[in-house]
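Please open the structure in your viewer and keep the selection panel at hand. The stops below say what to select next and what is found there.

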Amino acid sequence: MAAVKFTLNGKSQTVDVAPQMPLLWALRDTLGMTGTKFGCGMALCGACTVHINGQPTRSCTTQVSTVAGKTVTTIEGLSSDNSHPVQKAWIEADVPQCGYCQSGQIMTAAALVAKTTNPSDSDIDEAMRGNLCRCGTYQAIRQAVHLAARYQAQAKGGAQ
Amino acid sequence: MNPVNRRSFLKTGAAVGGGLLVGFQLPVKSQAQTAGPLTLNAFVKVGTDDTVTLEIHKSEMGQGTVTSLSQLLAEELECDWKKIRTEFPGVAPVYGAPMMGAYGSLSIRTSWQPLRQAGAAAREMLVQAAAQQWKVDKSQCRAENNTVVNTTTGAKLTYGALAEAAAKLPAPANVPLKTAAQYKLIGTSPKRLDTPAKVNGSIGFGLDVRRPGMLYASLERCPVFEGKVASFDATKAMAVPGVKKVVQISNGVAVVADNTWSAMEGRKALVIKWDEGKWANVSTPGLRQEWAGLAAKPGMSMRKAGDPEAAFAGAAKKVEAVYEAPYLSHAPMEPLNATVEVRPDGCDIWVASQIQSLAQQTAAMVTGLPANKCLIHTQYLGGGFGRRGGADYVTEAVEIAKAMSPTPVKLTWSREDDLQHDTYRPASYVKFSGGLDAQGSPVSFSARVVCPPFGGNSTAVEGIQDMKYAIPNVQVEFTAPDTGTPVSYWRSVGYSQNTYFMEAFIDEMAGAAGADPVEFRRKLLAGTPRLLNVLNIVAEKSNWGKPLPAGRFRGVGIVNNIGSFNAQVAEVSVTQGKVKVHKVVCAVDCGQVVNPAIVEAQIQSGIVYGLSTVTKLGITLDKGRVVQKNFNNYDPIRIDEMPVVEVHIVSSHENPGGIGEASTPSIVPAVVNAVYAATKKRVRMLPIKAADLV
């Protein structure tokens with residue numbers, strides 16, 4: 001056991017677990033933050049996607065020791081009131097069906113619209129193809145990512 | 001559950017008039033009307049704060065029951081959509097026990113009458129309470145938007161203000177329901193009620209359950225079906241940090257730890273000797289060979305009309321073909337799990353189950369407790385597709401929790417467990433023959449199906465046995481092979497493979513007749529006008545018969561299942577054997593639509609689910625073991641493979657049909673028939689391999 005210190009959703013966090021425990025299980029079991037999902041354990045489905053220093057990362061294959069000193073954002077940290085542009089777009093397009101993959105979908109989409117102002121369908125496919133959805137919400141996801149990019153641009157415009 | 005019971009139950013339900021007889025009144029009216037919302041009936045509670053709580057007795061697995069069932073209740077209740085809260089009730093006869101659950105695309109069909117009646121009855125109680133308070137006749141009062149209005153004075157009382165008085169009134173019987181012309185919510189698409197909590201991680205799936213003092217379990221099962229533990233050594237597993245205990249249960253050896261990862265690590269350290277049993281030599285090539293042998297002999301007759309053998313013998317043109325489909329796994333995104341606490345006096349089960357009654361019966365059987373002491377706490381389902389209609393994972397979790405009693409334990413399956421220990425969509429092998437007369441009209445149709453059945457033989461042959469084409473001489477035969485591979489309900493059940501077989505073979509017959517595939521079908525569908533109608537719509541909307549861009553080809557597929565009618569045209573291109581589906585046009589007639597946006601989403605969903613099986617998914621066996629282990633070799637379609645899906649919904653006030661399983665079957669033949677148009681190669685086995693098309 002070794003204490004790992006990092007920033008989680010804007011706050012300093014220490015977690016005292018086996019250093020090789022995947023971040024996913026430290027979040028879910030140790031810290032009780034269950035918004036990040038377990039889907040495959042092999043970085044194949046994207047359900048466990050979080051941001052580490054702003055980069056979308058599979059938490060199921062990321063040892064907790066490797067996030068020491070880094071900034072981790074989970075779905076719970078995206079906003080406190082569903083006001084993030086991607087969350088707003090997901091609500092507007094009513095994207096989720098079962099919803100299990102959507103934390104990961106949203107975290108991947110949030111990273112995409114943060115760096116790509118006006119993503120094309122192929123930008124979206126490229127960024128999102130690592131996130132599986134068995135309910136088949138892909139068409140709604142495409143629509144919502146376009147919408148999120150617009151909301152993101154408006155938010156940036158408003159801040160200037 | 002005993003699948004036979006389930007299927008015979010469905011038949012009984014259908015036999016008594018197309019609706020399961022779910023009432024809405026509590027058997028004993030709740031007397032504990034103290035704090036919290038007040039109970040008006042089994043489906044409606046109203047709080048003094050004016051909130052309305054609706055009981056959703058059909059599990060939410062993405063198909064939209066939380067929203068659509070709320071629409072049925074709210075339509076008659078005249079409540080404010082924004083004040084609705086929903087919850088999942090425990091198991092009770094009023095909610096459908098002993099078969100309480102969401103399965104068979106029945107949720108709307110079986111709730112359509114009782115939930116509107118429950119909403120209407122609750123509304124009448126609120127109106128009666130207002131009439132009593134105003135000392136006026138009920139006819140002078142009208143319910144609207146969470147209030148009752150005095151139509152003479154214009155005075156208003158909120159539902160919250162009326163809740164206490166209304167809850168004391170007797171429930172009225174046989175309240176007249178609105179006519180279709182009066183609907184305000186039914187047929188509209190309010191936003192889904194569950195979306196906000198599904199975009200911030202808070203919704204609460206089975207896997208998200210946390211109980212005080214809870215431990216976590218991972219279970220090692222025999223890699224060969226029906227195999228047993230011969231002996232095991234837990235020494236190394238117990239040495240893994242966090243591991244608390246190793247327990248043997250009927251289906252394997254479980255490692256219990258203080259977190260999921262330690263349980264999984266401990267499990268890797270188990271040393272187990274298995275008695276692999278009699279299925280240890282089963283392999284897919286061997287099964288195919290065996291089933292081909294069975295298909296060479298006559299089977300049990302499932303449908304016979306005329307004299308198909310004589311008609312075939314005398315036919316001007318003959319078509320014969322063998323079709324095969326593999327076992328399939330459900331692979332819902334949320335791996336199976338259950339959290340269970342067993343005490344001497346009772347048991348609590350937190351589970352994302354499609355059939356809560358079965359989960360309860362299972363817990364009662366394992367613990368020896370009375371069923372009413374086994375409380376099911378329904379969680380949101382991270383996908384179901386039929387998989388969560390079983391209770392194998394509940395059995396395991398209860399057995400582990402019983403060994404750990406009174407500590408609550410959460411059992412989590414890995415993805416590998418999910419793919420290797422599923423209850424699979426069965427593989428199937430079908431030998432067809434069809435005869436045509438000199439004018440190209442079909443004179444005979446014969447099918448010999450070899451497929452492991454479950455819950456009755458119809459699951460193996462539905463989609464062929466009940467095919468709707470008017471052919472004078474028909475024979476459908478069936479043989480059940482003996483396999484150890486567990487099989488069960490998979491989205492659209494037998495229609496999932498048989499619609500592919502049937503519709504691909506009908507295209508072969510159309511080809512032999514030199515006829516256009518749509519025109520050939522049209523001539524044979526006069527007896528099923530709603531199926532003919534969706535075929536006509538999809539032909540028109542897809543511009544069937546009109547030119548396409550170079551390299552693009554169309555194919556068609558149709559099905560009548562779950563009380564609905566579905567036709568699809570797929571537009572594909574094939575490049576060096578690689579199939580790309582560009583667009584799918586779908587027409588659906590599911591009777592009265594409750595929420596068109598949810599219907600459209602379900603159509604898209606079913607198409608994606610079926611499309612994954614055309615080019616990508618298949619479960620194979622080697623030495624009794626499932627070869628596929630994770631999403632690397634069982635890889636469903638991803639966003640870059642998603643075609644544009646265009647949905648046309650037939651406007652109808654017929655009784656509702658099902659929708660969750662409506663579109664999964666016909667996408668498969670629509671694509672393979674388009675592949676034939678592109679390559680002149682018939683796809684007679686799935687999934688398609690590029691090498692077969694080059």
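The tour goes from whole chains to single residues, and it should be read with the caution that this is a predicted model.

**Chain A**

Begin by selecting chain A, which holds 5 helices and 5 strands and which, read along the sequence, follows the pattern β-β-α-β-β-β-α-α-α-α. Its C-alpha trace spans about 45 × 40 × 25 Å along the principal axes, and its radius of gyration of 15 Å agrees with the value near 15 Å that a compact globule of 160 residues would have. Of these 160 residues, 56% count as buried, and among the contacts in chain A with a separation of 6 or more, 61% come from residues 24 or more positions apart.

**Chain B**

Next, select chain B, in which there are 19 helices and 27 strands. The C-alpha trace of chain B spans about 80 × 70 × 45 Å along its principal axes, while its radius of gyration, 27 Å, agrees with the value near 26 Å for a compact globule of 694 residues. In chain B, 57% of the 694 residues count as buried, and of the contacts between residues at least 6 apart in sequence, 78% join residues at least 24 apart.

**Where the chains touch**

Now show both chains and select the contact between them, to which chain A gives 43 residues and chain B gives 48 residues. On the side of chain A that touches chain B, the elements giving two or more residues are helix 1 (23-30), helix 2 (85-92), helix 3 (102-115), helix 4 (121-128) and helix 5 (138-159) of chain A. By class, that side of chain A divides into 23 nonpolar, 14 polar and 6 charged residues.

For a single residue with contacts in both chains, pick A:Tyr138, which lies in helix 5 of chain A. Is A:Tyr138 buried or exposed? A:Tyr138 is buried, because 28 other C-beta atoms lie within 10 Å, where 20 or more are required. Leaving aside neighbours within four places in sequence, A:Tyr138 is in contact with A:Cys133 and, across the chains, with B:Val608, B:Ile639 and B:Met642.

**Two crossing helices in chain B**

Return to chain B and select helix 3 (residues 107-134) together with helix 4 (residues 159-167), whose axes come within 8 Å and cross at roughly 90°; helix 3 and helix 4 of chain B are therefore roughly perpendicular to each other. On the helix 3 side, B:Met125, B:Leu126, B:Ala129, B:Ala130, B:Gln132 and B:Gln133 meet B:Tyr159, B:Leu162, B:Ala165 and B:Ala166 of helix 4. This contact has 8 nonpolar, 2 polar and no charged residues.

**The nonpolar core**

From B:Leu126, widen the selection to the largest nonpolar core, which has 265 residues and in which B:Leu126, B:Ala217, B:Ile349 and B:Val671 have the most contacts. Helix 3 of chain B supplies the largest share of this core, 12 residues. Centre the view on B:Ile349, whose contacts, neighbours within four places in sequence set aside, include B:Ala338, B:Val340, B:Ala359, B:Leu375 and B:Val394.

**A last stop at B:Pro442**

Finally, select B:Pro442, placed in strand 20 (residues 442-450) of chain B. B:Pro442 counts as buried because it has 27 C-beta neighbours inside 10 Å, and, residues up to four places away in sequence not counted, B:Pro442 touches B:Gly434, B:Leu436, B:Ile471 and B:Met509. To see how far this stop lies from another part of chain B, take the C-alpha to C-alpha distance from B:Pro442 to B:Ile56, which is 48 Å for a pair 386 residues apart in sequence.

How values were computed. Residues are numbered from 1 along each chain as its sequence is written. Chains are lettered from A and ligands numbered from 1 in the order in which they are written. This is a predicted model: local features need pLDDT of at least 70, side-chain atom pairs count only at pLDDT 80 or more; totals for chains, interfaces and linings use all residues. Helices (H or I, at least four residues) and strands (E, at least two) are DSSP runs, numbered from the N terminus. The radius of gyration is taken over C-alpha atoms; the globule rule is 2.2 Å times the number of residues to the power 0.38. A residue is buried if 20 or more other C-beta atoms lie within 10 Å of its own, exposed if 12 or fewer, and partly exposed in between; C-beta atoms are placed from the backbone. Two residues are in contact if their C-beta atoms, placed from the backbone, lie within 7 Å. Ala, Val, Leu, Ile, Met, Phe, Trp, Tyr, Cys and Pro count as nonpolar, Asp, Glu, Lys and Arg as charged, and the others, Gly among them, as polar. Axes are lines fitted to C-alpha atoms, for helices over the stretch in contact, and angles run from 0 to 180 degrees between N-to-C directions. Angles under 35 degrees count as roughly parallel, over 145 as roughly antiparallel, 65 to 115 as roughly perpendicular and the rest as oblique. A nonpolar core is a set of buried Ala, Val, Leu, Ile, Met, Phe, Trp, Tyr and Cys residues joined through C-beta atoms within 7 Å.
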